[in-house]
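Thanks for sharing this one. Here are a few notes to read alongside the coordinates, grouped by region.

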Amino acid sequence: MQSQTIDPAKTELNHHHAAEASVGHHEEHPDHRLFGLYVFLIAEGMIFMGLFGAYLAFRATLPVWPPAGTPELELLLPGVNTINLISSSFIMHNADTAIKKNDTRGARIWLAITAAMGATFLIGQVYEYTHLEFGLTTNLFASAFYVLTGFHGLHVTIGVLAIVAVLWRSRVPGHYSNEKHFGIEAAEIYWHFVDVIWIILFGLLYLL
């Protein structure tokens, strides 16, 4: 039998090719995180559309809407809250624009302002709840009002927490940059979604 000798140079070359193949294989995988976020938001949007559809069905089928005796909703506080939330979307966009220019400090400032505006919206909503003249079980309109605004308020809360989490992670040098900013971009997209849902909700509950 002939003994086989192992050539160290060939072995090292094979390992090098294997490593390159592994890296190349890893780089072939596209980043589907934004796609996953859009799918999630579409699913959430369908839930809201179902709630909006139920509200419109109640409104169309009942002879009087809101039911007789329901106190009229005030527009001042919800109107201010609406302006606040719409404005916060522009502020949030500034954070995304800043990080794409490698301006981490600017992005952190805009993120902090957006989170504060979101928290202000929630405080305004809680204040409105405590001063309403009807409760959750007063009538069908009251139940629909609390379900719609409460479900949206839950999403605003999640959005504020997400922005705070992104703001916290931005403290790490180099964590976000013009080439790596998915967290900020995802938070911005989610915040715009929350904003659009509120505009629809405000129109249905307060203006129609």
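**Notes on helix α4, the aromatic rings and a buried Glu**

1. A reminder before the details: this is a predicted model. The points below start with helix α4, which has 28 residues. From its first C-alpha to its last, α4 reaches 41 Å, close to the 40 Å expected at 1.5 Å a residue.

2. Which helices do the buried residues of α4 pack against? They pack against α3 (76-99), α5 (140-169) and α6 (182-207). The buried set of α4 includes small residues such as Gly106, Ala107, Ala115, Gly118 and Gly124, and also Leu111, Met117, Phe121 and Glu128.

3. Gln125 deserves a look of its own. This residue belongs to α4, which covers residues 104-131. Its relative accessible area is 6%, below the 20% cut-off, so Gln125 counts as buried. Beyond its neighbours within four places in sequence, Gln125 is in contact with Asn81, Thr149, Gly150 and Gly153.

4. On to the rings: the structure holds 19 aromatic pairs. One of them joins Phe134 and Phe141, with ring centres 6.1 Å apart and planes at 70 degrees, so this pair is edge-to-face. Phe134 is buried at a relative accessible area of 6%, and Phe141 is buried at 3%. Phe145 and Tyr146 also form an edge-to-face pair, at 5.6 Å centre to centre and 85 degrees between the planes. Both of these residues, Phe145 and Tyr146, are buried.

5. If you colour the rings, try following the cluster that ring pairs build. Its members are Tyr55, Trp65, Phe121, Tyr129, Phe134, Phe141, Phe145, Tyr146, Trp198, Phe202 and Tyr206. Phe121 is also one of the buried residues of α4.

6. Where do charged Arg ends sit over rings? The charged end of Arg33 sits over the ring of Phe182, 4.2 Å from the ring centre. Likewise, the charged end of Arg171 sits over the ring of Trp168, at 3.6 Å from its centre.

7. Last, is Glu188 buried or exposed? This residue of helix α6 has a relative accessibility of 6%, and it counts as buried because that value is under 20%. Leaving out neighbours within four places in sequence, Glu188 is in contact with Met92, His93 and Asp96. Glu188 and Leu111 are 77 residues apart in sequence, while their C-alpha atoms are 9.5 Å apart in space. Leu111 is itself among the buried residues of α4.

Terms used
Residues numbered from 1 in each chain as written. Predicted model: local features only at pLDDT ≥ 70, side-chain atom pairs only at ≥ 80, totals over all residues. Heavy atoms only, no water. Helix = DSSP H or I, 4+ residues; strand = E, 2+ residues; numbered from the N terminus. Buried < 20%, exposed > 50% of the residue type's maximum accessible area, 1.4 Å probe, protein only. Contact = heavy atoms within 4.5 Å. Expected span 1.5 Å × (residues − 1). Phe/Tyr/Trp six-rings, centres within 6.5 Å; stacked < 30°, edge-to-face > 60°. Lys NZ or Arg CZ within 6 Å of the ring centre and 35° of its normal.
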